[in-house]
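Student: Could you take me through the surroundings of the ligand in this model? I would like a close look at that one part, and then a glance at the aromatic rings.

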Amino acid sequence: MTSVQIHKINTVLITGASSGIGLQLAQDYLAAGWHVIACGRDKAKLDALADTVLVGATCFNFDITERSQVQQVATQVGDLLSSSACQLDLVILNAGGCEYIDDAKHFDDRLFERVVHTNLIAMGYCLGAFLPLMAKGSHLALMSSSATYLAFPRAEAYGASKAGVQYLAASLRLDLAQHGISVSVICPGFVATPLTAKNDFAMPMQVDTQSASTAIRRGLLRRETEIHFPKRFTYLLKLMSFLPAFVWQKMIQRDSQPRALKDAGR
Ligand SMILES: NC(=O)c1ccc[n+]([C@@H]2O[C@H](COP(=O)([O-])OP(=O)(O)OC[C@H]3O[C@@H](n4cnc5c(N)ncnc54)[C@H](OP(=O)(O)O)[C@@H]3O)[C@@H](O)[C@H]2O)c1
């Protein structure tokens, strides 16, 4: 009797798949034969990508900060999965944004709200909508940042939102274990993307999106609890965090001045 080999196709859902790290991950998972559900906000951008580098992906455009939109898309994803007898093997909640507080004394509470809403609250909307579609054996990854290892100037909003994601992931790991769902948190150093292109300060040991995607996919394959890279940068930050606060604060303040200020001080 001839045995028929049925190859299971894995399915990954990625938010923020229209740019930077998420786009590279979507392309790499497609190239590896996965069914990719690529989510972005901008329809025109996503349509253009679907015709070029994301051919074969199932694309959904929605704003993650709009709870009703997230829920609608989750219903469509659920229908798609049941009609194709698939399940979500991996969910990467990667979408996010960064804005800096330029003048802490005149604290921009609207900016703070916007960043925390996009990076943390909206992640809650995605969890509420997509977790019910995840079965035993699946894996969940939340995008945080190595900015959480130490406090950085002007990063009150971004750092606080990403520290929230760290805790969220750690707590979910405890509670989802009984459902057979594993959880990773991803903490990149600087990656060259449209998000970091706006930065006006030095970004030591920056890597490209291809290296970032390779490190993330390797970590996800091993179901690592915390995926951080590039290691020479992230271990340096972790080491610095053991120093007395006044020491690392001085080092950070010196190294993270905007370029214009540094040039003026030369
Ligand atoms: N780059 C780094 O150095 C770095 C380091 C640490 C952590 N991270 C984190 O990695 C993630 C990806 O960053 P990136 O550098 O790849 O940035 P990016 O190129 O700007 O990509 C951000 C992605 O998130 C999507 N997004 C943002 N707000 C959204 C919203 N309200 N609704 C739906 N989608 C939304 C964007 O969609 P549109 O294209 O439609 O705007 C885009 O696809 C972020 O969470 C970021 O904080 C990045």
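Tutor: Happy to; here is the ligand shell, followed by the rings.

This is a predicted model, so local features need pLDDT of at least 70 and side-chain atom pairs count only at pLDDT 80 or more, while totals for chains, interfaces and linings use all residues. Residues are numbered from 1 along each chain as its sequence is written, and side-chain values use heavy atoms, with hydrogens and water left out.

Let's begin with the shell. The ligand is surrounded by 30 residues, the closest being Ser19, Arg41, Lys45, Tyr158 and Thr193; a residue belongs here if one of its heavy atoms lies within 4 Å of the molecule. By character, the shell divides into twelve nonpolar, 13 polar and five charged residues. In that count, Ala, Val, Leu, Ile, Met, Phe, Trp, Tyr, Cys and Pro are nonpolar, Asp, Glu, Lys and Arg are charged, and the others, Gly among them, are polar.

Three helices each supply at least two shell residues: H1 (20-31), H5 (156-176) and H6 (194-197). The largest share, three residues, comes from H6. Helices here are DSSP runs of H or I with at least four residues, numbered from the N terminus.

The backbone takes part as well. In polar contacts (pairs of N or O atoms within 3.5 Å), a backbone N or O atom of Ile21 lies 2.8 Å from a ligand oxygen. For Asp42, a polar backbone atom is 3.2 Å from an oxygen atom of the ligand, and for Gly16 a backbone N or O atom lies 3.3 Å from a ligand oxygen. Of the 880 Å² of accessible area that the ligand has on its own, the protein covers 93%, with areas from the Shrake-Rupley method and a 1.4 Å probe.

Now the rings. The whole structure holds five aromatic pairs, where ring centres of Phe, Tyr or Trp (its six-membered ring) lie within 6.5 Å, and planes under 30 degrees apart are stacked, over 60 edge-to-face and the rest tilted. Phe107 and Phe112 make a tilted pair, 5.5 Å centre to centre with 55° between the planes. Ring pairs also join Tyr100, Phe190, Phe201 and Phe233 into a cluster.

Tyr100 has a charged companion too: the charged end of Arg154 sits over its ring, 4.9 Å from the centre. Likewise, the charged end of Lys238 sits over the ring of Tyr149, 4.5 Å from its centre. "Over" requires NZ of Lys or CZ of Arg within 6 Å of the ring centre and within 35 degrees of the ring normal.

How values were computed:
Polar contact = N/O pair within 3.5 Å; in protein donor to acceptor, adjacent residues only side chain to side chain.
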